[in-house]
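Biologist: I have the sequence and the coordinates open side by side. Could you walk me through the side-chain contacts?
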Amino acid sequence: MKNALIIALGIITGAIVIGGQSFYHLLTSQNIVNVASGEVYDEQLTTTVTITGDDNKTPILMITDATDQIAKDVKQELMQMVVDANKTLPAHEKMRLETAYFDTNVNIELSTEVEYHSQYQKDMQLTIDETELPHHASEQYHFAEAVDMLNTYVSKMDTIYHQSDSFIYKI
């Protein structure tokens, strides 16, 4: 009787160990892209910033770049707008990035996506965020505020990407 119980427990334990290995792969495979053949070898996180005016059609500014560079690029473009505007202003009215603001209603659209490159598959794109931020002219939304908001957004997207959407890079 004892021998039969020990054998039965051994068989059950063996089945759990063998079957558990199959389930372990299912539980830990969240960083593996299942493709017919090949594997993901590169990922690129990009963000598009589009700022449109009242008509919501013609962009005041539209930039797509690597997410870790987008705030720098937008800041540079906004600074260039300030420089261009200052060319026509008298000395006592010159602006800086911190004092320049949108004098019209603006809509800021942010879109972030990951592009996966695989060994034998076509590139795949996954949008991980789309955000729309309207600002009324009466808010006097400063250029510097937009850059600060983008820095916060970039940090948030980087965290989301590394925690949920990266198959290669994990924090």
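Modeller: Let me begin with Lys87, which forms a salt bridge with Asp84, their closest N and O atoms lying 3.7 Å apart. Please keep in mind throughout that this is a predicted model.

Biologist: Is Lys87 buried or exposed? And what about Asp84, buried or partly exposed?

Modeller: Lys87 is exposed, with a relative accessible area of 64%, whereas Asp84 is partly exposed at 37%.

Biologist: How many salt bridges does the structure hold?

Modeller: There are two salt bridges in the structure. Besides the one between Lys87 and Asp84, the side chains of Glu98 and Arg96 meet in a salt bridge with an N to O distance of 3.5 Å. Glu98 is partly exposed, its relative accessibility being 46%.

Biologist: Changing topic, where does Met81 lie, and what is Met81 in contact with beyond its neighbours in sequence?

Modeller: Met81 lies in helix 2, which covers residues 67-86, and its relative accessible area of 24% makes it partly exposed, because buried would require a value under 20%. Leaving aside neighbours within four places in sequence, Met81 is in contact with Ile60, Leu61 and Phe143. For Leu61, which is 20 residues away from Met81 along the chain, the C-alpha atoms of the two residues are separated by 9.9 Å.

Biologist: Phe143 is in helix 3, right? At what angle do helix 2 and helix 3 pack?

Modeller: Yes, Phe143 is in helix 3. Helix 2 and helix 3, the latter spanning residues 143-165, pack at an angle of about 170°, with their axes 8 Å apart, and that makes helix 2 roughly antiparallel to helix 3.

Biologist: Which residues make the contact?

Modeller: From helix 2 the contact is made by Thr67, Asp68, Ile70, Ala71, Val74, Lys75, Leu78, Met81 and Val82, and from helix 3 by Phe143, Val147, Leu150, Asn151, Val154 and Met157. Sorted by class, this contact of helix 2 with helix 3 has eleven nonpolar, two polar and two charged residues.

Biologist: What about rings, how many aromatic pairs are there?

Modeller: The structure holds two aromatic pairs. One of them is formed by Phe102 and Tyr141, which are stacked, with 6.3 Å from centre to centre and 15° between the planes. Phe102 lies in the loop between helix 2 and strand 3, and Tyr141 in the loop between strand 4 and helix 3, so this pair ties together parts that are 39 residues apart in sequence.

Biologist: And how are the rings of Phe102 and Phe143 arranged?

Modeller: Their centres are 4.7 Å apart and their planes stand at 45°, so the pair of Phe102 and Phe143 is tilted. Here too distant parts of the chain are linked, as Phe102 sits in the loop between helix 2 and strand 3 and Phe143 in helix 3, 41 residues apart. Taken together, the ring pairs link Phe102, Tyr141 and Phe143 into a cluster.

Biologist: Are those rings buried or exposed?

Modeller: Both Phe102 and Tyr141 are buried, Phe102 having a relative accessible area of 6%, and Phe143 is buried as well, with 8%.

Biologist: Last one: where is Thr52 placed, and what does Thr52 touch?

Modeller: Thr52 is in strand 1, residues 40-52, and counts as buried at 3% relative accessibility. Not counting residues up to four places away in sequence, Thr52 touches Lys57, Thr58, Pro59, Ile60, Asn105, Val106 and Asn107.

Methods: Residues are numbered from 1 along each chain as its sequence is written. This is a predicted model: local features need pLDDT of at least 70, side-chain atom pairs count only at pLDDT 80 or more; totals for chains, interfaces and linings use all residues. Side-chain values use heavy atoms; hydrogens and water are left out. A salt bridge is a side-chain nitrogen of Lys or Arg within 4 Å of a carboxyl oxygen of Asp or Glu. Buried means under 20% relative accessible area, exposed over 50%, partly exposed in between (1.4 Å probe, protein chains only). Helices (H or I, at least four residues) and strands (E, at least two) are DSSP runs, numbered from the N terminus. Contact means heavy atoms within 4.5 Å. Axes are lines fitted to C-alpha atoms, for helices over the stretch in contact, and angles run from 0 to 180 degrees between N-to-C directions. Angles under 35 degrees count as roughly parallel, over 145 as roughly antiparallel, 65 to 115 as roughly perpendicular and the rest as oblique. Ala, Val, Leu, Ile, Met, Phe, Trp, Tyr, Cys and Pro count as nonpolar, Asp, Glu, Lys and Arg as charged, and the others, Gly among them, as polar. Rings of Phe, Tyr and Trp (its six-membered ring) pair if their centres lie within 6.5 Å; planes under 30 degrees apart count as stacked, over 60 as edge-to-face and the rest as tilted.
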